[in-house]
Amino acid sequence: MELDPLINSINEMVTSVLVLDSRVLDVMTAGKFLNKLDRIIEEAAVVPSLQKAARDLSKFLERIIIDYDSIKDHEAVFAGFEKGVGSLQIMANQVKKEGDSVLPGPPADVDGRNEIPADSGQAQEALAGQLRQEEMDRMNQDGEANQSFLQDDSLLKDFIVEALEYINEIEVNILNLEQNPDNKEHVNAVFRPFHSIKGVAGFLNLEKIRDLAHSLENALDKVRNDEWPVSSMLIDIILDGADALKEMIGNLRNRMDGREEEPLRVDISALEMRLKKLEEDPSGQGTVGESNVKKIGEILVEDGVIREETLEMALKEASRSVPPRKIGETLIEDGKVTPKQVSQALRKQASQITDATSIRVDTRKLDDLVNMVGELVITQTMIRQSPIVQGNKERKLFRDISQLVTITSELQRLSTSLRMIPIKQTFQRMSRLVRDLSRAAGKTINIELEGEDTEIDRNMVEEIYNPLVHLIRNAVDHGIESPRERIDCGKPEAGLITLKAYHRGGYVVIEIADNGRGLNKGKILDKAIRNRLVDPQESLSDADIFRLIFLPGLSTADKITDVSGRGVGMDVVKKAIEKLRGKIEIETIEGRGTTFITSFPLTMAIIDGMIVRVGRERYIIPTTAIRQLLRPTRESYNSVINKGEMINVRGNLLPLVRLYDLFDIEPEHKEPWESIVVVVDGESRSKCLLVDEIIGKEEVVIKGLGEGLKMVKGVSGGAIMGDGSVGLILDPEGLFELSEEKAA
Amino acid sequence: MVDKKIKILVVDDFATMRKVIRNLLKQIGYDNVIEAENGQVAFRTLKSQKVDFVISDWNMPTMSGLELLRAIRADQELSKTPFLMVTAEALKENVVEAVKAGVNNYIVKPFTAEVLEEKIAKITDSL
């Protein structure tokens, strides 16, 4: 019969109970029985009611194990267990006789802890109650037992040293976590130090330290269990918590050195509030409704400017006076805050009010909206350009179509702006990164930000973050020298990293500059030659040599310290940037510093383009890149030896680029004075593009070119034009490079 | 009679914690104490010298307390080694897993020397 194994297991367990030395269940024995029960539970799958009984008995054992220290009456516990095992046997025998589910159901009490049929139900119930009470008693007792913990000075000293080390680790690992929120290893790496610090602090009577470590550990535990996501609010709280812990431990050390009568307590009321808020809304973003706009007093307490008690007193005072005064005024008069602090709080409140009138939108809907508007633009242009409409003489139709165009343009402008956000947040993340990395590296580095309000498509923000972080890491680790080195070179001890953002020629440009070592030409060239990446005979310009660091062979082949300045991964950075249709350039002076200039296309969807014709082909030039259009005179055309053809534009000689030549097209006109010249801006210079005709300005929807064509120089993408045909969008800088290559 | 000369191996990745336990053990008369900073080092130590008792933390890098316990119970030579697990309040649920894997008992941080003595005695008494 299939039930044989089950019956055997149960009988075996009964025997085990009978042969026990004493009528006391110790932890290990309980464990053994738990394992036996696991097997029984599995084997009892065919007899649900028996399986449930076994499960309940198992839960009962687990309860015993967890509350073991509180058990006063071991005899009763054992008796309860024994009865439970006995019942299982009875049930098993009945099954054997009558075959299957002809068993009496379990009695009505539904406390999962002790639901075992027959007469043992009540015993277990009483027992469970007793355990609960004893657990509470024990917890109360522990409070008094605290005194007998250790008060050893040398232990405290060790603790301080080790705890501070751990906290430094936490800071580095938190950044790893921020970048790779899905990596459980990083969560563990941050969780463990807090857990360890909490553990030892408990032994040394360091209550405040223990409590704080415990709160932070809890938060991280929730992340470990996937209950909470890794939000930036969480990261900030953990970082600030680590700072507070550091301060507490520092105070402890001062006290031990006899320096100050400093209490161990650091005011963490603000931190606790933030943790509470996080509990209410783990996504860390929070929808701010009207009612959530904070009062000035709350803001001041939250920011740690004043204590809760101070606020309460002031509130009482303010309400007592006739007429009731504003809390800000009261606090200032009492000397608890400065006017500046109140005005800052007011500003915060104002921004919250504007937040309260904003809503959250699923970004997918936003993307759909922008796409639809793009399609609308195309369709509208197609209508506009249809011969029938072109030939229309009716005034009303003409007016209506104009109106349509106006509305569509505005709609398109609005929808694009919905997706643009200032780069400020990214910059702030990066400046915190600099601060934390430099601390970990033992260097002093200041940060300067320029152009935080520069807007960038929100879809790009996450994409560009990683390559930029790489560059910052490099700047901190290899660019800026150690304080000692800097002093030896006559530089100020603190290094400087500058982050700059601005729009230029259809691109968002982000510069990361440091005033550190700069790159060493010679070393780079040597490495490259050694790794057979360049021909030693080749004559390379300085710019070419520096660009070598982007070659895969160079970065991966070397140890980080060898190529003075930059480390592993520059080829990865370059690839990542180029994947976003961006570019990266270097400017560096050995001994003075290095600047990385990265640029990314402004928007991903729709651009304002100038349609030009070369021969029979049409191309699109982003209007943001266009400086000027002109028909040059014969006189303005110059041919300079060793420099090529130039056009005199308002006194400046700018090189001429014959587009038909670059693209192998038969042009309508070859002479500049018979054609049109479009003066365009590249990244750092301007040139003249020769075209046959300007067709007109149009808003075009950018469509990708597909993998095979993505890296074609001079072309930054494809676009759908008014008549539905596809045109190529020109990239000025790429064209410049192409023309130089051809000339060489 | 409890034998206070037994060799006890204390395993924890936090050096100060190992010191704390060592101090507590000294207070109750156990002087023969050696240390290991994670499960791997502990296991190697166990294989290379005779250890009478293991007190181990749970959450450690490289090889956790649970993994160490399992390795010990699976090893012919070491399988009967008494093992006391050190755990923090919040992780009590892990205790069940540990008990099923064969731990002799567990002790919750922070604990006093008295409690430690009790726990050790309970285990050594029942051997």
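Okay, helix α7 of chain A, residues 184-203. At 1.5 Å a residue, its 20 residues should span 28 Å, and the end C-alpha atoms sit 29 Å apart, so the two agree. Keep in mind that this is a predicted model. As for its surroundings, α7(A) is mostly covered, with 16 of the 20 residues buried. What follows the helix is A:Asn205, and its phi is positive, near 60°.

Right, next stop: A:Ala30. You'll find this residue in helix α2 of chain A, which covers residues 27-43. Is A:Ala30 buried or exposed? Buried, because it has 20 C-beta neighbours inside 10 Å, and the cut-off for buried is 20 or more.

So who are the neighbours? If we skip residues up to four places away in sequence, A:Ala30 touches A:Leu25, A:Leu61, A:Ile64 and A:Ile65, plus B:Val99 from the other chain. Take A:Ile65: it's 35 residues from A:Ala30 in sequence, yet C-alpha to C-alpha the pair is 7.1 Å apart.

That B:Val99 contact takes us over to the two chains. How many residues does each chain put into the contact? Chain A puts in 28 residues and chain B 23. On the chain B side, the elements giving two or more residues are α1 (15-27), α4 (92-101) and β5 (105-109). α1(B) gives the most, with six residues. And by residue type, that chain B side splits into eleven nonpolar, eight polar and four charged.

That's my tour; happy to pull any of these up on screen.

Technical notes:
Residues are numbered from 1 along each chain as its sequence is written. Chains are lettered from A and ligands numbered from 1 in the order in which they are written. This is a predicted model: local features need pLDDT of at least 70, side-chain atom pairs count only at pLDDT 80 or more; totals for chains, interfaces and linings use all residues. Helices (H or I, at least four residues) and strands (E, at least two) are DSSP runs, numbered from the N terminus. A residue is buried if 20 or more other C-beta atoms lie within 10 Å of its own, exposed if 12 or fewer, and partly exposed in between; C-beta atoms are placed from the backbone. Two residues are in contact if their C-beta atoms, placed from the backbone, lie within 7 Å. Ala, Val, Leu, Ile, Met, Phe, Trp, Tyr, Cys and Pro count as nonpolar, Asp, Glu, Lys and Arg as charged, and the others, Gly among them, as polar. The expected span of a helix is 1.5 Å times one less than its number of residues.
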